[in-house]
Amino acid sequence: MTSETITAESAGTWHLGDLPVRRVGFGAMRLTGSAAFHLGDPSDRERSLAVLRRAVELGVNHIDTAAFYFSSLRSANELINGALAPYAADLVIATKVGPYRDWSGEWGTSARPEDLRGHVEENLRQLGRDHLDVVYLRRMRQDSIAEHFGALAELRAAGLVRHLALSDVEPRHLTEAQAIAPVVSVQNRYGLGFHDPATDALLAQCRAQGIAFVPFYAIAGEAGPRGAGSAHEEEVRSVALAHGATPAQVRIAWTLHQGPNVLAIPGTGNPDHLAENVAAGALRLTDEELARLDGARRG
């Protein structure tokens, strides 16, 4: 398949609350360097700005970011602001709060409920916004999320946040949050290279309720923030060869085939990889190919 003229429209559309987004979006984590956070070398700023602008040109209108996405020289939020402000009316920017990294890049103490307003306001400042479209509460291993989610619900009522979402949760946490305020999306680790039965159950729960499910590390799998994974590479390469596609495109396509409510947010600082990722939204896998990939994942 060629990625030259394929746009994000080919993947179709879903809604985050009342906000329509194309099912292939863009994850900002890899904008800041050769690996996420402080693990690699800082990116070239102009190249990162160009990738963001090209993503929008290709029809991407859903960007996933966080204030804690930064390297020694680059901030994802600052890059988004620099490349895309003033923002298009249909552009949806989702961010996450909860985890915290200090100025040196080291992970600090996760937020208490009363800290979340500061996290939201920092994202507002960096992005140059007066409100945030979607804010994910990233669970930080706590058993109950009620206090933290309740604090975000108050910020939603105050107009700082439009929609609320959850990240790194179990099915019971979704139920717990919904007793407090609506949840428009759930973001968990999920993909061909990572199999967790609890997350499979959560995906089914979201599908039944029409809630968006947004996997992270869908391409990386077990490799996580360090880059693309290689789990089930033989099966993935076989399917890729049949379609004239790349293994990464097959992994994205498999993700999108898990349900109309499933969104992809592949991230990259490479303009060529960006075009390939967007084009994966047009890749249609056969039932036999899906069965083979599903079998490899469960195996």
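Asp64 and Lys96 form a salt bridge in this predicted model, and the closest N and O atoms of the two residues are 2.5 Å apart. The pair links distant parts of the chain, since Asp64 belongs to strand E4 (residues 62-66) and Lys96 to strand E5 (residues 92-97), with their positions 32 residues apart in sequence. Both partners are buried: this holds for Asp64 and also for Lys96. A search of the whole structure finds 18 salt bridges, and a few others are worth following in turn.

One of them joins Arg117 to Glu121, where the closest N and O atoms are 2.9 Å apart. The two residues are 4 residues apart in helix H3, which means that about one helical turn separates them. Arg117 counts as partly exposed because its relative accessibility is 42%, and Glu121 is likewise partly exposed, with a relative accessible area of 38%.

A further salt bridge brings together the side chains of Asp143 and Arg172, at 3.0 Å from N to O. Asp143 lies in the loop between E6 and helix H4 (146-157), whereas Arg172 lies in helix H5 (residues 171-178), so this pair ties together parts of the chain that are 29 residues apart in sequence. Asp143 is exposed, with a relative accessible area of 55%, while Arg172, at 41%, is partly exposed. These two residues also belong to a network of salt bridges, in which Arg139, Asp143, Glu170 and Arg172 are linked.

The loop that holds Asp143 also contains Arg141, which is found between E6 and H4. Arg141 has a phi near 75°, a positive value in a residue other than glycine, and its relative accessibility of 76% is the reason why it counts as exposed. A comparable backbone feature appears at Asp168, which is not a glycine and yet has a positive phi of about 60°. Asp168 is found in the loop between strand E7 (161-167) and H5, and with a relative accessible area of 29% it is partly exposed. As background to such cases, most residues other than glycine have a negative phi, and most peptide bonds are trans.

The peptide bond from Ala85 to Pro86 deserves attention here, for it is cis, with omega near -5°. Pro86 is found in the loop between helix H2 (76-84) and E5, and E5 is the strand that carries Lys96 of the salt bridge described at the start.

From there the reader may turn to Arg129, whose place is in the loop between helix H3 (116-127) and strand E6 (132-138). Is Arg129 buried or exposed? Arg129 counts as buried, because its relative accessibility is 18% and the cut-off for buried residues is under 20%. A polar contact of 3.2 Å joins the side chain of Arg129 to that of Asp133. When residues up to four places away in sequence are not counted, Arg129 touches Tyr87, Ile93 and Leu124.

Towards the start of the chain, strand E1 (residues 13-16) and strand E2 (residues 19-22) pair in the antiparallel sense, over 4 bridges. Within this pairing, His15 has Pro20 in E2 as its bridge partner. E1 and E2 form a hairpin with 2 residues between them, and Gly17, which sits in the turn, has a positive phi of about 65°.

The chain as a whole can now be considered. Its secondary structure comes to 10 helices and 9 strands. The radius of gyration is 18 Å, close to the 19 Å that the globule rule gives for 299 residues, so the chain is as compact as a globular protein of that length. Along its principal axes the C-alpha trace spans about 50 × 40 × 35 Å. Buried residues make up 56% of the 299 residues, and the chain exposes about 12,400 Å², of which carbon and sulfur atoms supply 50%. Among the contacts with a separation of 6 or more, 74% are accounted for by residues 24 or more positions apart, and the salt bridge between Asp64 and Lys96 likewise joins residues that are 32 residues apart.

Key. Residues numbered from 1 in each chain as written. Predicted model: local features only at pLDDT ≥ 70, side-chain atom pairs only at ≥ 80, totals over all residues. Heavy atoms only, no water. Buried < 20%, exposed > 50% of the residue type's maximum accessible area, 1.4 Å probe, protein only. Polar contact = N/O pair within 3.5 Å; in protein donor to acceptor, adjacent residues only side chain to side chain. Contact = heavy atoms within 4.5 Å. Pairing = 2+ DSSP bridges. Salt bridge = Lys/Arg side-chain N within 4 Å of Asp/Glu carboxyl O. Rg over C-alpha atoms; globule rule 2.2 N^0.38 Å. Areas by Shrake-Rupley, 256 points an atom, 1.4 Å probe, with all protein chains shown as cover.
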